[in-house]
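Here are my notes for your next pass through the coordinates. Please keep the viewer open while reading.

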Amino acid sequence: LRENLPPGTLVTTLRAADADAGIFGELRYTVLEQPAAEPSLAEGREAFTLNGSSGELRSRLPFDYERAKAFQLLVSATDAGNASATVTVRVLVTGEDEYDPIFLSPSFSFEVPEGARKGQSIGQVLATDEDEGADGVVLYSLAKPSPYFAVNQTTGTIYLRADSQPQAGASHAKREPREMSLEVLARGPLPTSRSASAQVTIDVTHTSFGLAPD
C-alpha cells in the first residue's frame, strides 16, 4: 500500500472457502489478538478495518513510510458451527518521493592546484534527502558535460578529466585570476525523483583550462 493514500483505501479482500452448503457455509471474518509481532512489523489491528461478511480489508488512516513500513494482522474465518481457519496478513507500505534533496551549501568553491593530474579530486559536494528507501538515495551529475571536470555519481567528488597543464608563457606574477562555473544536480535514482542544483566555482588560474593554445 502506497503511503499517504486516504483512509478507507481497499488493501485486499480476504476469502476463505467452506465446502458446507447453507448456513454452515457462511463465514464471518474477524481480526484476532496475536502474539507480539516482529520488531519490524507494527500491530495492524488499529490501523485497518475488516468487513466481517465481505472480507474487505481497508485502511483506517494514511500511512507514513518514514514511520512504519509494514503491518501484520491475524484474521480468522468462522462458520456457524464455530469451525475456523486463520491467516496471517502482512501489509507493506511503499514510499513516495516527498522531499527535495538539499545541498549542504547553495554554492561551493574549489581550486585546481598547480600540477594536478587527471583523476585527481579537487573537492566534494554533498546533499541530503529526508526520504527513506530508494527515494532517499542521492546521485550527482553535471547539468552540462565538461571537458575538464566530472563528478562521482555516488560520492559527489569532483575530479579532473584532464591534466592541469600550466598556462603557456605566463609567469606566476602575470597570471590573471580565472574561474569556471559548473552546475551540479542531486536527484534520486527513479525517473520521477525530485532534484536540486548547486553552483560550483572552480579557480583554474594555474591551468590552461579554457584557453586557446596560443
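1. A cut-off first. Partly exposed means a relative accessible area between the buried limit, under 20%, and the exposed limit, over 50%. Asn4 has 37% relative accessibility, so Asn4 counts as partly exposed. Keep in mind that this is a predicted model.

2. Stay with Asn4 for its backbone. Its phi is near 75 degrees. That is a positive value in a residue other than glycine. Asn4 sits in the segment before strand E1, which spans 10-13.

3. Asn82 also deserves a look. It is not a glycine, yet its phi is positive, at about 70 degrees. Where does Asn82 lie? It is in the loop between strand E6 (70-78) and strand E7 (84-92). Its relative accessibility is 64%, so Asn82 counts as exposed.

4. Next, Glu3. This residue, too, is in the segment before E1. Glu3 is buried and has no salt bridge. Which side chain of opposite charge is nearest to Glu3? It is Arg2, 7.8 Å away. A salt bridge needs a side-chain nitrogen of Lys or Arg within 4 Å of a carboxyl oxygen of Asp or Glu.

5. What does the side chain of Glu3 reach at 2.6 Å? The partner is the backbone nitrogen of Glu96. Glu96 also appears among the contacts of Glu3, once neighbours within four places in sequence are left aside. The other residues in that set are Phe63, Asp64, Tyr65, Glu66, Val93, Thr94, Gly95 and Glu98. Please inspect these residues together with Glu3.

6. Now the other end of the numbering used here. Gly210 lies in the segment after strand E16, which covers 195-203. Is Gly210 buried, partly exposed or exposed? At 49% relative accessibility, it counts as partly exposed. The exposed class begins over 50%.

7. Gly210 has contacts beyond its sequence neighbours. With those within four places set aside, it touches Tyr148 and Met180. A further distance involves Arg178, 32 residues away from Gly210 along the chain. The C-alpha atoms of Gly210 and Arg178 are separated by 9.5 Å.

8. Last, the overall division. The chain is split into domain 1 (9-92) and domain 2 (102-203). How many Å separate the centres of domain 1 and domain 2? Taken over C-alpha atoms, the separation is 52 Å.

Note on methods. Residues numbered from 1 in each chain as written. Predicted model: local features only at pLDDT ≥ 70, side-chain atom pairs only at ≥ 80, totals over all residues. Heavy atoms only, no water. Helix = DSSP H or I, 4+ residues; strand = E, 2+ residues; numbered from the N terminus. Buried < 20%, exposed > 50% of the residue type's maximum accessible area, 1.4 Å probe, protein only. Contact = heavy atoms within 4.5 Å. Domains from an automatic or database assignment. Lys, Arg positive; Asp, Glu negative; His and termini not counted. Polar contact = N/O pair within 3.5 Å; in protein donor to acceptor, adjacent residues only side chain to side chain.
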